[in-house]
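Grab a pencil and open the structure viewer. Try each task on your own before you read its solution.

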Amino acid sequence: MSRTLTFEAFYPHPPDRVWRALTDRRAISEWLMENDFEPRVGHRFQFRAPPQPGWNGIVDCQVLEADPPRRLAYSWVSNAIDTRVAWTLTPEAGGTRLRLEHSGFRGLKGYMVSFILGSGWKGKILKEIARVLDELDRIAPATGAQ
């Protein structure tokens, strides 16, 4: 048994700006978690959040693909799951279509975790990334270091 979560959203921003929201560690910390992300294939990084019952608050990751501003993928390993997150950016008239696929949820525990993460991703995609995109120049100026 394996499950894949898929979400899409349209943002009235160009792909370069959406890419920045997905790859600038300051922007990521605004819409997801604290991190030490770098958009470089092979880079190992962590997402960090306050621990909760049944979760230590750490997601270990490695960048698997980075094709700016089209595709980004990384591993997502935490507790009992070993999964993959892939972002695809497609330019459309007036903005960018963003597609998230979080795949590889296996077994009963993975299946259960997928429901928790699914509701979280939906909120991140629909609300938090949109907010960060509107505030990106303040949060993560393009000229600053990541």
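Below are five exercises, each with a worked solution.

This is a predicted model, in which local features need pLDDT of at least 70, side-chain atom pairs count only at pLDDT 80 or more, and totals for chains, interfaces and linings use all residues. Residues are numbered from 1 along each chain as its sequence is written, and side-chain values use heavy atoms, with hydrogens and water left out.

**Exercise 1. Find the cis peptide bond and say where Pro69 sits.**

Step 1: Look at the bond from Pro68 to Pro69, which is cis, with omega near -15°. Keep in mind that most peptide bonds are trans.

Step 2: Place Pro69 in the loop between β4 (58-67) and β5 (71-78). Strands here are DSSP runs (E, at least two residues) and helices are runs too (H or I, at least four), numbered from the N terminus.

**Exercise 2. Work out how β5, β6 and β7 pair, and what the turns look like.**

Step 1: Start with β5 and β6 (81-92), which pair in the antiparallel sense over eight bridges. To count as a pair, two strands need at least two DSSP bridges between them. Trp76, for instance, has Thr83 in β6 as its bridge partner.

Step 2: Check the turn of this hairpin, which has two residues between the strands; Asn79 there takes a positive phi near 50°. Most residues other than glycine have a negative phi. Asn79 is partly exposed, with a relative accessible area of 44% (buried means under 20%, exposed over 50%, partly exposed in between, using a 1.4 Å probe and protein chains only).

Step 3: Move on to β6 and β7 (residues 95-106), antiparallel over nine bridges. Glu92 has Gly95 in β7 as its bridge partner. This hairpin also has two residues between its strands, and Gly94 in the turn has a positive phi of about 80°.

**Exercise 3. Describe the largest pocket and its lining.**

Step 1: Note the volume, about 590 Å³. A pocket is an open set of points on a 1 Å grid over the protein atoms alone, where a 1.4 Å probe fits, with protein on both sides within 12 Å along at least five of seven lines; lining residues have an atom within 4 Å of a point.

Step 2: Look at the 21 lining residues: Gln52, Trp55, Val113, Ile116 and Leu117 are the closest to the centre. The largest share, eight residues, comes from α3, a helix spanning 107-139.

**Exercise 4. Which residues touch the most other members of the largest nonpolar core?**

Step 1: Of its 38 residues, pick out Phe47, Tyr74, Trp76, Trp87 and Trp121. Such a core is a set of buried Ala, Val, Leu, Ile, Met, Phe, Trp, Tyr and Cys residues joined through side-chain atoms within 4.5 Å. α3 gives the most to this core, with eight residues.

Step 2: Zoom in on Trp121. Not counting residues up to four places away in sequence, Trp121 touches several residues, including Leu5, Trp76, Trp87 and His102 (contact means heavy atoms within 4.5 Å).

**Exercise 5. Is Arg20 buried or exposed, and how about Asp137?**

Step 1: Find Arg20 in helix α1 (residues 15-23). Arg20 is buried, with a relative accessible area of 18%.

Step 2: Find Asp137 in helix α3. Asp137 is partly exposed, at 48%.

Step 3: List the contacts of Asp137. Leaving aside neighbours within four places in sequence, they are Arg17 and Arg20.

Definitions and conventions
Points joined across faces, edges and corners; volume = space filled by probe spheres on them. Nonpolar A, V, L, I, M, F, W, Y, C, P; charged D, E, K, R; others polar.
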